[in-house]
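Student: I should like a close look at one part of this protein chain, namely the pairing of its strands. Please describe it in a connected account.

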Amino acid sequence: MKKIATTLTFLLITFISFSQAKFNASGYNVTNDDLTINTYSKDSTANALVIYEYGNSYVDPDDFRLKTEIKRKIKILNRDGFSKADISVLLYKNSDRKEKITDIVGTTSNMNANGTVDIQKLDKSQIFTEKYNNNYTLVKFTMPDIKEGSVIKYSYTLDTPFMFNYKSWYFQSDIPTLYSEYHASIPANYEYNIKLVGEIPLSVNTSDIEHDCLSTSTGAKSDCFKSVYVMKDIPAFIDERYMTTRENYISKVEYELKVYKGFDGGVDNITKSWKTVDKEFKTEKSIGRQLNKGSLVKDLLSTEITKEKDQLKKAQVILEYVQNNYKWNGENNIFGEVDLKKLVKNKVGRSSEINLLLFNLLNENNIQVLPVLMSTRGNGLPTKIFPVISEFNYIILQATIDGKEYFLDATSPYLSFGQLPYRCLNQYGRLLDLKEGSYWVDIKVEENAAASYIVETKIEDDIVKGNLEHKTTGYQSNDLKEVYFKNKSGYITDYQNNNTTFTVLNHDVNTTQKNSSEFLETIEFEIDSEVIGSSIYVNPFITTFFDDNPLKLQERTYPIDFGYKDSYTYIYKLAYDANIYEVTELPEIKKHQLPNGTGTLLMNVSQSDSEIIIYFKFNFKDAIYNQNYYPYLKAYFSTIIDLQKNSLIILKKK
């Protein structure tokens, strides 16, 4: 009995010891557990893991430069994580001032087979500096002796004279982080707008005042506003489909200088109000001065266009004129040199120039129109609480015709009237009404996009022959239109080569206008059915909407942003001779729904004496879903993929 008790005690101690084994996320020191634990249970796909990181930003009382001390400890879980041992730091410089990096220290720790720990130090000869461009220098170093299971830690101090941009701190990166702590000490004579980005909550968010943290030789003093931010158990931020730029969602704290108060009593208001910005825009050369170029454009349009009585028809024709006669050069920047006269001559220009030309043409023809400043999906959402003009990179237009508002863009001939490029579907923009004052407007797609297949087939001599009608509308049609109209014969050839599940006998595209709101094509085809014994297997999904699940992450911390609402329909009809064939198996009826009715899926199957009809439809009723919907959307897509891949009709010859 005593022996059993001893054994139980040993097992209990072993269990407790095992359960307590964990990474040391509370400090910078490397522990035995850091070295011996080689998996991360919360993310089995992780190749490396930030165990601990620490940042501390403050203004040095001796030289009044902004210093940031950084410490980071990382576990290398496998060979794919070796790249995390390559460290790069960008340092900014201008004509007379530059950033510096000092006190670079690093070590790599490895557990030997005999249980001893080997520690290799980063040698100064392994630190390299190179020119990145005219404004940036790159400092690089690689940690030594990297192996699977290594723990690296490194520290350095950033030194900058540029107080305009206080040091941003990223809590989240492309690998998981167990613990991230950031301290910020801001002198009271610097007032910043502080923005916390991301959906992950802070574990610690405190602030305090340190009195007389800075003083000058004249006796002037300043207090410091000290903040501490801590975030724990932070999942990796992995880019995935249906997202805008990661900068919109990755967890971070960032600063924008609002007011500087000099020790001499002077005040410099860095961040302006929208009222002030609107006033400046009136005479600003890249936008304001370009809104009054009626004399430049008045002779561009034919009299047939200018004399059109119907304002909507006139606006549509003017948009088509710009779309078809002026080419976008791929550049989006809106500030700097803008030359509409050069655009008219060369027929090529930036997006802002093309849309400002459209503005002047509409305005000259008495169509109510205003420019809208916005940021594209890849550029990030602009700040709403105060003007940060540098965050805008695009101009669209809002036209009001017969009381209805339309967003317009002329950079592509494939856009229908009232449709913006997909890159512009980024939630909101700032409408510039320089007379009444600017204001925010929502950028939403009112009409649903749609894709549908109607497939009518007949089986004879075990061969399935039929016709397919493929129709897309709205944003579902734009890419197809562009590919087709750029190379019509190439589109037909590529379609035949890419669709290997059936043989194309004839292929017609019924859409004739580039800016049509739909794309319609019809295909005549045949398929050799699969025959096993006396059974004939027919796959009703001869084409699919999705080949695989676009949502693959274990966890997603940012919204699923489709940009627009859409729906998908697939109707399949199979006619057969009931005297020859007997139906032995059909796909099952299936229903699936997203929470709160934000999406519905239906697979319905019906059969008569000579025909089988499969009706498959699903939709996304919201353009943007928050991350709480992610597991449901992931399962929704899985159901769609499964039904497309694993639905069969089985016939048997009588």
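Tutor: Strand S10, which covers residues 177–187, pairs with strand S13, residues 221–234, in the antiparallel sense over 10 bridges. Strands here are DSSP runs of E with at least two residues and helices are runs of H or I with at least four, both numbered from the N terminus; two strands count as paired if DSSP finds at least two bridges between them. The model is a predicted one, in which local features need pLDDT of at least 70 and side-chain atom pairs count only at pLDDT 80 or more, while totals for chains, interfaces and linings use all residues. Residues are numbered from 1 along each chain as its sequence is written, and side-chain values use heavy atoms, with hydrogens and water left out.

Within the pairing of S10 and S13, serine 185 stands opposite lysine 226 of S13. Strand S13 also pairs with strand S12 (residues 204–215), again antiparallel, through nine bridges. Here threonine 206 lies opposite valine 228 of S13. S12 and S13 form a hairpin with five residues between the strands, and in this hairpin glycine 219 takes a positive phi near 100°. As a general point, side chains in a regular strand alternate between the two faces of the sheet.

A further example is an open sheet of four strands, in the order S27-S28-S36-S31, with antiparallel pairing. Strand S27 (530–532) and strand S31 (581–585) stand at its edges with a single partner strand each, so one side of each has no neighbour in the sheet. From one strand to the next the twist averages 30°, where axes are lines fitted to C-alpha atoms (for helices, over the stretch in contact) and angles run from 0 to 180 degrees between N-to-C directions. Inside this order, strand S28 (residues 535–538) is joined to strand S36 (residues 649–653) by four bridges, and the two run antiparallel. Isoleucine 536 has leucine 651 in S36 as its bridge partner.

These pairings belong to a protein chain with 11 helices and 36 strands. Its C-alpha trace spans about 100 × 95 × 45 Å along the principal axes. Of the contacts in the chain (heavy atoms within 4.5 Å) with a separation of 6 or more, 71% are between residues 24 or more positions apart. Buried residues, those under 20% relative accessible area with a 1.4 Å probe and protein chains only, make up 48% of the 654 residues.

Terms used. Buried means under 20% relative accessible area, exposed over 50%, partly exposed in between (1.4 Å probe, protein chains only).
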